[in-house]
Amino acid sequence: MNILALDLGCTSRNPTKTYATILNTDTGAIERTSVPTTAKDLIALIRAHRPDRVVMEITRGTGWVVDLCRGIRVPEIQVVNPNDPAWKNGEYTSAPPGLR
């Protein structure tokens, strides 16, 4: 399974860049990249990696990115709340052991 995790560029230093991590759960391979936070660039990123799941946190831009993912038929889309105690305390256990 390929999982694409997106940080939708809400940092003060570079608010227009999305950081992405691609995890292949079969091999454990991890790739990191970044793209401008535009529909065109996010579509290109998603099509290049063909993820089975896209994961992102709730931000101001989450809605249109979820719509974009649905429009290009991403099989699974997961939006997480980073304020949930499981994420804050490092107790989220769906990640492979080396990524917790």
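Where in the chain is the place of R73? Let me begin with that residue: R73 sits in the loop between helix 2 and strand 5, which covers residues 76-80, and when I say helix or strand I mean a DSSP run, H or I of at least four residues for a helix and E of at least two for a strand, numbered from the N terminus. Before going on, I should say that this is a predicted model, in which local features need pLDDT of at least 70 and side-chain atom pairs count only at pLDDT 80 or more, while totals for chains, interfaces and linings use all residues. Residues are numbered from 1 along each chain as its sequence is written, and side-chain values use heavy atoms, with hydrogens and water left out.

Back to R73, then. Its phi is positive, about 65°, although R73 is not a glycine, and R73 is exposed, with a relative accessible area of 70%; here exposed means over 50% relative accessible area, buried means under 20%, and partly exposed lies in between, using a 1.4 Å probe and protein chains only. R50 also has a positive phi, near 45°, and is likewise a residue other than glycine. R50 comes just after helix 1, in the loop between helix 1 and strand 4, residues 53-57, and at 68% relative accessibility R50 counts as exposed.

Now to the strands. Strand 1, residues 2-7, and strand 2, residues 17-24, pair in the antiparallel sense over 6 bridges, where pairing requires that DSSP finds at least two bridges between the strands. Within that pairing, D7 stands opposite Y19 of strand 2. Strand 2 also pairs with strand 3, residues 30-36, again in the antiparallel sense and over 7 bridges, and there T18 has V35 in strand 3 as its bridge partner. Strand 2 and strand 3 form a hairpin with 5 residues between them, and G28 in the turn has a positive phi of about 80°.

Which residues of helix 1 are buried? In this helix, residues 39-49, they are L42, L45, I46 and H49. Seen down the helix axis, these buried residues fall within an arc of 95°, so they line one face of helix 1; the arc is taken from the directions between the helix axis and the C-beta atoms. That face packs against strand 1, strand 2, strand 3 and helix 2, residues 62-71, with contact meaning heavy atoms within 4.5 Å. On the other side of helix 1, K40, R47 and A48 are exposed.

Finally, the charged pairs. How many salt bridges does a search of the whole structure find? The search finds 2, a salt bridge being a side-chain nitrogen of Lys or Arg within 4 Å of a carboxyl oxygen of Asp or Glu. One joins R53 and E76, with the closest N and O atoms 2.8 Å apart, and this pair links distant parts of the chain, since R53 is in strand 4 and E76 in strand 5, 23 residues apart. R53 is partly exposed at a relative accessible area of 22%, and E76 is partly exposed as well, at 34%.

D67 and R70 also meet through their side chains in a salt bridge, at 4.0 Å from N to O. Both of these residues, D67 and R70, lie in helix 2, 3 residues apart, which is about one turn of the helix, and R70 counts as exposed at 53% relative accessibility.
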